[in-house]
Amino acid sequence: MAELNTGGDDGGKGKKKVRSKKQNSKVDLTAMVDLAFLLITFFMLTTSLSKPQSMDLGMPDKDDKNQEEIKIAQERTMNIVIGPDGKLKSYMGQLNEPIEAVKDFTYGKEGIRKQILEKMVSVPQFMGDPKKGLIVLIKADKKSTYKNLVDILDEMAICKVPTYAIVDITKEESALFK
């Protein structure tokens with residue numbers, strides 16, 4: 001509401017300008033707050049949470065009666081041994097008669113991944129049959145970390161190795177890290 005000041009106190013000098021007082025405008029935000037809470041509730045209820053990603057890993061039965069030994073050509077078999085402190089060793093064939101000697105590797109693109117990719121190409125060529133590809137045996141020491149095992153399984157997925165298995169480590173293979 002504007003107020004008009006007609007003023008009689010100007011001392012006879014003339015007319016003063018008429019000014020109106022500015023009112024503070026007030027906006028009722030109740031409806032906007034209600035709408036905000038409705039939108040928050042709607043989006044919370046309708047969004048889907050990200051599902052944890054997992055890798056399918058086939059494990060053998062615990063029943064010892066049904067286990068049978070499978071013979072594998074040593075030329076196709078790559079052994080990856082995971083040791084304590086993030087150490088990693090690999091060899092082809094059997095430890096007592098390796099086709100390729102035991103070598104140290106690092107994790108990642110220039111380490112074990114490069115070796116796996118080379119073997120993925122060379123083993124089928126050596127065998128003379130593209131269906132007879134690389135077989136990787138992963139052996140983890142008791143002192144190795146779970147993270148290192150997962151890293152090797154990730155390398156298997158990245159390199160698309162069709163056949164790999166997690167097997168028990170032998171005493172001789174554990175002695176490689178001492």
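Trainee: In this predicted model, is Phe43 buried, partly exposed or exposed?

Mentor: The cut-offs needed here are under 20% relative accessible area for buried and over 50% for exposed, with partly exposed in between. Phe43 has a relative accessible area of 48%, and its sequence neighbour in the aromatic pair, Phe42, has 47%. On those values Phe42 is partly exposed, and the class of Phe43 is likewise partly exposed.

Trainee: How many aromatic pairs does the structure hold, and which geometry do the rings of Phe42 and Phe43 adopt, stacked, tilted or edge-to-face?

Mentor: A search of the whole structure finds one aromatic pair. The ring centres of Phe42 and Phe43 lie 5.2 Å apart, with the planes at 70 degrees. Planes over 60 degrees apart are classed as edge-to-face, so the geometry of Phe42 and Phe43 is edge-to-face.

Trainee: How are the helices and strands ordered along the protein chain?

Mentor: The secondary structure comes to four helices and five strands, within a protein chain of 178 residues of which 25% count as buried. Read along the sequence, these elements follow the pattern α-β-β-β-α-β-α-β-α.

Trainee: Which strands pair with strand 4, and in which sense, parallel or antiparallel?

Mentor: Strand 4, residues 135–140, is mostly covered, with five of its six residues buried. Strand 1, residues 77–82, pairs with strand 4 over six bridges, and Ile80 has Ile138 as its bridge partner in strand 4. Strand 5, residues 163–167, pairs with strand 4 over five bridges, with Lys139 standing opposite Val167. The partners are therefore strand 1 and strand 5, and the sense in both pairings is parallel.

Trainee: What is the handedness of the crossover from strand 4 to strand 5?

Mentor: Strand 4 and strand 5 pair in the parallel sense. Between them the chain passes through helix 3, residues 146–159, which makes a β-α-β crossover, and its handedness is right-handed.

Trainee: Which residue of helix 3 forms a salt bridge with Arg113, and how many residues apart in sequence are the parts that this pair ties together?

Mentor: The closest N and O atoms of Arg113 and its partner, Glu155, are 2.7 Å apart. Arg113 lies in helix 2, residues 112–127, whereas Glu155 lies in helix 3. At 6% relative accessibility, Glu155 counts as buried. The partner is thus Glu155, and the parts tied together are 42 residues apart in sequence.

Trainee: Which residues are joined into one network by salt bridges that share partners?

Mentor: The structure holds seven salt bridges, among them one between the side chains of Glu100 and Lys103, at 4.0 Å from N to O. Glu100, at 23% relative accessibility, counts as partly exposed, and Lys103, at 39%, counts as partly exposed as well. Salt bridges that share partners make one network of Glu100, Lys103 and Lys119.

Trainee: In the salt bridge between Glu110 and Lys114, which residue counts as exposed and which as partly exposed?

Mentor: The side chains of Glu110 and Lys114 meet at 4.0 Å, N to O. Lys114 has a relative accessible area of 41%, whereas Glu110 stands at 62% relative accessibility. The partly exposed residue is Lys114, and the exposed one is Glu110.

Trainee: Against which elements do the buried residues of helix 2 pack?

Mentor: Helix 2 has 16 residues and reaches 22 Å from its first C-alpha to its last, close to the 22 Å expected. Its buried residues are Ile112, Gln115, Ile116, Lys119, Val123 and Pro124. Residues three or four places apart in an α-helix point the same way, because there are 3.6 residues a turn. The elements packed against are strand 1, strand 2 (88–93), strand 3 (98–105) and helix 3.

Trainee: Where are Asp85 and Lys160, each with a positive phi of about 60 degrees, found?

Mentor: Most residues other than glycine have a negative phi. Asp85 has a positive phi although it is not a glycine, and Lys160 has one too. Asp85 is exposed at a relative accessible area of 73%, and Lys160 is exposed at 66%. Asp85 is found in the loop between strand 1 and strand 2, and Lys160 in the loop between helix 3 and strand 5.

Terms used:
Residues numbered from 1 in each chain as written. Predicted model: local features only at pLDDT ≥ 70, side-chain atom pairs only at ≥ 80, totals over all residues. Heavy atoms only, no water. Phe/Tyr/Trp six-rings, centres within 6.5 Å; stacked < 30°, edge-to-face > 60°. Buried < 20%, exposed > 50% of the residue type's maximum accessible area, 1.4 Å probe, protein only. Helix = DSSP H or I, 4+ residues; strand = E, 2+ residues; numbered from the N terminus. Pairing = 2+ DSSP bridges. Right-handed = clockwise from strand over helix to strand, strands pointing away. Expected span 1.5 Å × (residues − 1). Contact = heavy atoms within 4.5 Å.
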